[in-house]
Amino acid sequence: MGSIATPEFEVLNSELTSKIDKILSENEYDASKLVGILLDIQDIVPKKYIPMDVAAYVASELNIPLTGVYDVITFYSSLSDKPRAENIINLCKSIVCRTNNYMDLQKSLEKILGIKVGESTADGKFALQYSACFGACDVAPAIKINQDVYGNLTEEKLEEIIKRYR
Ligand code: FES
């Protein structure tokens with residue numbers, strides 16, 4: 001009798017495992033760096049989330065309880081245990097971007113993507129979320145799409161940028 005496959009348990013293949021091992025090694029298998037480790041791992045997982053088998057692997061490699069990993073995922077809004085989208089758009093709403101009209105950017109992004117902050121597009125291409133400062137204050141207001149940072153943005157520039165990820 002066959003068992004029902006749970007897609008979440010099929011994510012951790014050998015290629016992803018070796019990439020995760022590299023991230024763990026760069027962080028010296030230090031459990032106090034768990035947030036950064038999970039953010040880096042989430043970035044390399046398709047649909048940008050922490051699947052259950054990945055969470056279990058990280059817990060076992062760092063020798064910490066699985067619940068400790070989920071406590072962190074639950075606490076940080078930038079982390080997710082559910083599949084999100086191919087591209088995560090982080091809209092900075094920290095102080096410098098706030099004083100440089102980040103709301104205009106938000107309106108433009110919501111118009112271009114047809115979604116609100118906190119939502120994903122129906123085709124699974126984009127998720128839009130708020131973020132804390134990621135160090136691009138000199139070009140505020142700024143966004144980060146996956147690991148790429150863009151600043152000094154207008155609606156026209158945004159449309160151009162979004163097109164590259166479609
Ligand atoms: S305040 Fe927005 S990138 Fe620093």
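**Close-up views of a predicted protein model**

**Figure 1. Asn-146, a buried residue with a positive phi.** Asn-146 counts as buried, because its relative accessible area of 14% is under 20%. This view, like those that follow, shows a predicted model. Asn-146 belongs to the loop that links E3 to strand E4 (148-150). Its phi is positive, at about 55°, although Asn-146 is not a glycine.

**Figure 2. The loop between H2 and H3 at Lys-47.** Lys-47 also has a positive phi without being a glycine; the value is near 70°. The residue lies in the loop between H2 and H3. Is Lys-47 buried or partly exposed? With a relative accessible area of 33%, Lys-47 is partly exposed.

**Figure 3. Ile-50 and its surroundings.** Ile-50 is found in the loop that connects helix H2 (34-44) with helix H3 (52-62). The relative accessible area of Ile-50 is 0%, so this residue is buried. Which residues does Ile-50 touch, if those up to four places away in sequence are not counted? They are Leu-38, Ile-41, Gln-42, Ala-55, Ile-73, Ser-80 and Asp-81. Between Ile-50 and Glu-86 the separation is 36 residues in sequence and 13 Å in space, taken from C-alpha to C-alpha.

**Figure 4. Strand E1 and its two faces.** E1 is largely enclosed by the rest of the structure, because 6 of its 6 residues are buried. One side of the strand carries Asn-87, Ile-89 and Leu-91, and the other carries Ile-88, Asn-90 and Cys-92; all of these residues are buried, which leaves both faces covered.

**Figure 5. The strand partners of E1.** E1 runs parallel to E2, and 6 bridges join the two strands. E1 and E3 run antiparallel and are joined by 3 bridges. Which residues stand opposite Ile-89 in these two partners? In E2, Leu-128 stands opposite Ile-89; in E3, the opposite residue is Ile-145.

**Figure 6. The largest nonpolar core.** This core has 23 residues, of which Ile-89, Leu-109, Leu-113, Ile-143, Ile-145 and Ile-162 touch the most other members. Two or more residues each come from strand E1 (87-92), helix H6 (102-113), strand E2 (126-131), strand E3 (143-145) and helix H7 (155-165). H6 gives the largest share, 5 residues. A second core of 22 residues lies apart from this one and includes Ile-20, Leu-34, Tyr-57 and Ile-73. In soluble globular proteins, nonpolar side chains tend to be buried together.

**Figure 7. The contacts of Leu-113.** Neighbours within four places in sequence are left aside in this view. Leu-113 is then in contact with Ile-89, Thr-121, Phe-126, Leu-128, Ile-162 and Arg-166. Leu-113 and two of these partners, Ile-89 and Ile-162, are among the members of the largest nonpolar core that touch the most other members.

**Figure 8. The cis peptide bond before Pro-141.** The bond that leads from Ala-140 to Pro-141 is cis, and its omega is near 0°. Where in the chain does Pro-141 lie? Its place is in the loop between E2 and E3.

**Figure 9. The cysteines Cys-97 and Cys-137.** Cys-97 has a relative accessibility of 4% and therefore counts as buried. Cys-137, at 33% relative accessible area, is partly exposed. With a cut-off of 2.5 Å between cysteine sulfur atoms, the model has 0 disulfides.

**Figure 10. The two domains and the start of the chain.** The domain assignment places domain 1 at 7-75 and domain 2 at 87-165. Their C-alpha centres lie 26 Å apart. The chain contains 7 helices and 4 strands, which follow the pattern α-α-α-α-β-α-α-β-β-β-α along the sequence. Of its 166 residues, 42% count as buried. The average pLDDT of the chain is 91, and 95% of the residues score at least 70. Residues 1-8, however, have a pLDDT below 50, and this stretch has 6 contacts in the model beyond near neighbours in sequence. Where pLDDT is low, the predicted coordinates should not be read in detail.

Methods
Residues numbered from 1 in each chain as written. Predicted model: local features only at pLDDT ≥ 70, side-chain atom pairs only at ≥ 80, totals over all residues. Heavy atoms only, no water. Domains from an automatic or database assignment. Buried < 20%, exposed > 50% of the residue type's maximum accessible area, 1.4 Å probe, protein only. Core = buried A, V, L, I, M, F, W, Y, C linked by side-chain atoms within 4.5 Å. Contact = heavy atoms within 4.5 Å. Pairing = 2+ DSSP bridges. pLDDT = per-residue confidence, 0-100.
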